[in-house]
Amino acid sequence: MKRVTCRWMAAWVLVLTVSCSTMPKDFEAPRVTITDLTPKDMAIFEQRFLVKLRIQNPNDQELSINGLRFDIQLNQHEFASGMSGQQVAVPRFGSQLVDVEVFTTLASFLRQIRDLTKREGQHVSYRLKGTAFVDAPSTFKAPFDEQGEIDLDFESLSEKSTPEGSKGF
């Protein structure tokens, strides 16, 4: 009799553990996008950047996130990785900005510089892939994976910013 009771207790503990750590069935994963990337500290073997991320909540209830872990790729190559333990409450059908520090190695930084100088076009593809650690409405991990392209046409930017009639430098 004790053996049957212990098995039932173990089964209930397993069911409760699994049910508390899974995504709600109608949950939509948050969208996480890069809004800014600013150099912070440039050392010989490691570079630090401040990345501003926008977390969008497409759900009809507030989303409480207690951490992020992610990688950034540029032109299909690993560029930087970051994580944050910052607590963020994203309102229902709303968004929130989060500042996160990311790190890159000398090799990946130099590869990106080399690729930028060799490219004929001024477009850079990016991918932001990671996990949001959600603690409300229940506790679970929400993966995200966003891709896009950045236009780095510096000539057209300088032409637009130079007032008419001025020569610039």
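Two strands pair if DSSP finds at least two bridges between them. By this criterion, strand β1 (residues 31-42) and strand β2 (residues 46-56) run antiparallel and are joined by 10 bridges. Within this ladder, Thr 33 has Arg 54 of β2 as its bridge partner. Three residues lie between β1 and β2, and the two strands form a hairpin. Strands here are DSSP runs of E with at least two residues, helices are runs of H or I with at least four residues, and both are numbered from the N terminus.

The structure is a predicted model, in which local features need pLDDT of at least 70 and side-chain atom pairs count only at pLDDT 80 or more, while totals for chains, interfaces and linings use all residues. Residues are numbered from 1 along each chain as its sequence is written, and side-chain values use heavy atoms, with hydrogens and water left out.

The predictor's confidence in each residue is given by pLDDT, which runs from 0 to 100. The average for the protein is 81, and 73% of the residues score at least 70. Among the elements, strand β5 (residues 88-90) has the highest mean pLDDT, at 96, and helix α3 (residues 154-161) the lowest, at 51. Over residues 15-21 the pLDDT is below 50, and this stretch has four contacts in the model beyond near neighbours in sequence. The pLDDT is also below 50 over residues 165-169, a stretch with one contact beyond near neighbours in sequence. A contact means heavy atoms within 4.5 Å.

Overall, the protein holds three helices and eight strands, arranged along the sequence as α-β-β-β-β-β-β-α-β-β-α. Of the contacts with a separation of 6 or more, 65% are between residues 24 or more positions apart. Buried is taken as under 20% relative accessible area and exposed as over 50%, with partly exposed in between (1.4 Å probe, protein chains only). On this scale, 28% of the 169 residues count as buried. The accessible surface comes to about 11,600 Å², and carbon and sulfur atoms contribute 56% of that area; these areas come from the Shrake-Rupley method with a 1.4 Å probe, and for residues only the protein chains shown count as cover.

Further strand pairings follow on from the first hairpin. β3 (63-74) and β4 (77-84) pair in the antiparallel sense over seven bridges, and Asp 71 has Ser 81 of β4 as its bridge partner. Two residues separate the strands in this hairpin, where Asn 75 takes a positive phi near 50°. β4 is in turn joined to β6 by two bridges, again running antiparallel, and here Ser 81 stands opposite Phe 103 in β6. β3 also pairs with strand β7 (residues 123-136), in the antiparallel sense and over 10 bridges, with Gln 73 opposite Arg 127 in β7. From β7, 12 bridges lead to the antiparallel strand β8 (residues 140-151). Val 124 has Ile 150 of β8 as its bridge partner, and a hairpin through three residues joins β7 to β8.

Thr 131 offers a view from within β7. Its relative accessibility is 16%, so Thr 131 counts as buried. Not counting residues up to four places away in sequence, Thr 131 touches Gly 67, Leu 68, Arg 69, Lys 141, Ala 142, Pro 143 and Phe 144. The C-alpha atoms of Thr 131 and Val 32 are 9.7 Å apart, although 99 residues separate the two along the chain.

Helix α2 (residues 106-118) has 13 residues, which should span 18 Å at 1.5 Å a residue, and the end C-alpha atoms are indeed 18 Å apart. The expected span is 1.5 Å times one less than the number of residues. Ser 108, Gln 112 and Asp 115 are buried in α2. Seen down the helix axis, the buried residues of α2 fall within an arc of 65°, so they line one face; the arc is that of the directions from the helix axis to the C-beta atoms. The cover over these buried residues includes β3, β4 and β6 (95-105). On the other side of α2, Ala 107, Thr 117 and Lys 118 are exposed.

Phe 109 also belongs to helix α2 and is partly exposed, with a relative accessible area of 22%. Leaving aside neighbours within four places in sequence, Phe 109 is in contact with Met 42, Gln 47, Phe 49, Phe 79 and Thr 104. The C-alpha atoms of Phe 109 and Glu 46 are separated by 8.7 Å, with the two residues 63 apart along the chain.
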